[in-house]
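User: I would like to go through the labels used for this model one at a time. For each, please give the reasoning behind it.

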Amino acid sequence: MEIHKYEKVWLAGALLLIVGLIATVSYGAVGAGIEMVGDEGGQVDPASLDEHPKFGEPGTYQTGEDEYDVYVIAQQFSFEPGTSEPIRVPADSTVTLHVTSADVIHGFEVVGTNANTMAVPGQVATITIEVDEPGEYGLLCNEYCGSAHHAMEGSLEVVPQSEWNESMVVN
Ligand code: CUA
């Protein structure tokens, strides 16, 4: 069977589009270091977070010399801590964020960084970040969570070591 030259060009073009589509979807799913909220953070009862040893008093806990755990609750339409007062961590430290939701699915994004996760009720998402220079970062909810989703924001403050003090940790 004779295939016309132009027909072959279109066939090749269509094949390239299919390969390109599969390649970009695959990259988006696994290539960019993106993963679903894992179960390594553990599970919690979203209805009784106030009885949880850490989420009951969310905030920054010191776990090692330059290591900190931060427990954050997302709920319509704020982060605790984060919104009414910033999340505070000291400069030059390793910080593991433990994020969960008390109601519906929210997003938790540290603006301008690749720290970004979903906050799912019942599930604890963990992200470990290396914090160096002092500064202030914005927090955003990037999952639609209700009427005031667009206003759900907060801040993360990286405090200079010289200004860091006991009152900034929970325990
Ligand atoms: Cu919380 Cu959108």
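The turns below ask how some of the labels were reached.

User: What kind of model is this?

Analyst: It is a predicted model.

User: Why is M1 called exposed?

Analyst: Its relative accessible area is 95%. The cut-off for exposed is over 50%, so M1 qualifies. M1 sits in the segment before helix 1 (5-31).

User: What makes M1, I3 and L11 a nonpolar patch?

Analyst: Nonpolar side chains are joined within 5 Å, and each residue needs over 30% relative accessible area and no salt bridge. M1, I3 and L11 form such a patch on the surface. Together they have about 370 Å² of accessible area.

User: How do you know that helix 1 lies largely in the open?

Analyst: Buried means under 20% relative accessible area. Of the 27 residues of helix 1, the number buried is zero, so the helix lies largely in the open.

User: How does the reach of helix 1 compare with the expected span?

Analyst: From first C-alpha to last, helix 1 reaches 37 Å. At 1.5 Å a residue, 39 Å is expected for its 27 residues. The two values are close. After helix 1 comes G33, with a positive phi near 75 degrees.

User: Why are strand 4 and strand 7 called edge strands?

Analyst: The sheet is open, with five strands in the order 4-10-9-6-7 and mixed pairing. Strand 4 (87-90) and strand 7 (116-119) each have a single partner strand, so one side of each has no neighbour in the sheet. From one strand to the next, the twist averages 20 degrees.

User: How do you know that strand 6 and strand 7 pair?

Analyst: Pairing takes at least two bridges. Four bridges join strand 6 (residues 106-110) to strand 7, so the condition is met. The two run antiparallel. In one of the bridges, G107 has M118 of strand 7 as its partner.

User: What makes the bond between Q76 and F77 stand out?

Analyst: It is a cis peptide bond, with omega about 0 degrees. Most peptide bonds are trans. F77 lies in the loop between strand 2 (67-75) and strand 3 (78-80). Another cis peptide bond joins E80 and P81, with omega about -10 degrees. P81 is in the loop between strand 3 and strand 4.

User: What is notable about phi of D92?

Analyst: Phi of D92 is positive, near 55 degrees, in a residue other than glycine. Most residues other than glycine have a negative phi. D92 is in the loop between strand 4 and strand 5 (93-101).

Notes
Residues are numbered from 1 along each chain as its sequence is written. This is a predicted model: local features need pLDDT of at least 70, side-chain atom pairs count only at pLDDT 80 or more; totals for chains, interfaces and linings use all residues. Side-chain values use heavy atoms; hydrogens and water are left out. Axes are lines fitted to C-alpha atoms, for helices over the stretch in contact, and angles run from 0 to 180 degrees between N-to-C directions. Patches are made of residues with over 30% relative accessible area and no salt bridge: like charges are joined within 9 Å, nonpolar side chains (Val, Leu, Ile, Met, Phe, Trp, Tyr) within 5 Å. Accessible areas come from the Shrake-Rupley method with a 1.4 Å probe; for residues, only the protein chains shown count as cover. A salt bridge is a side-chain nitrogen of Lys or Arg within 4 Å of a carboxyl oxygen of Asp or Glu. Buried means under 20% relative accessible area, exposed over 50%, partly exposed in between (1.4 Å probe, protein chains only). The expected span of a helix is 1.5 Å times one less than its number of residues.
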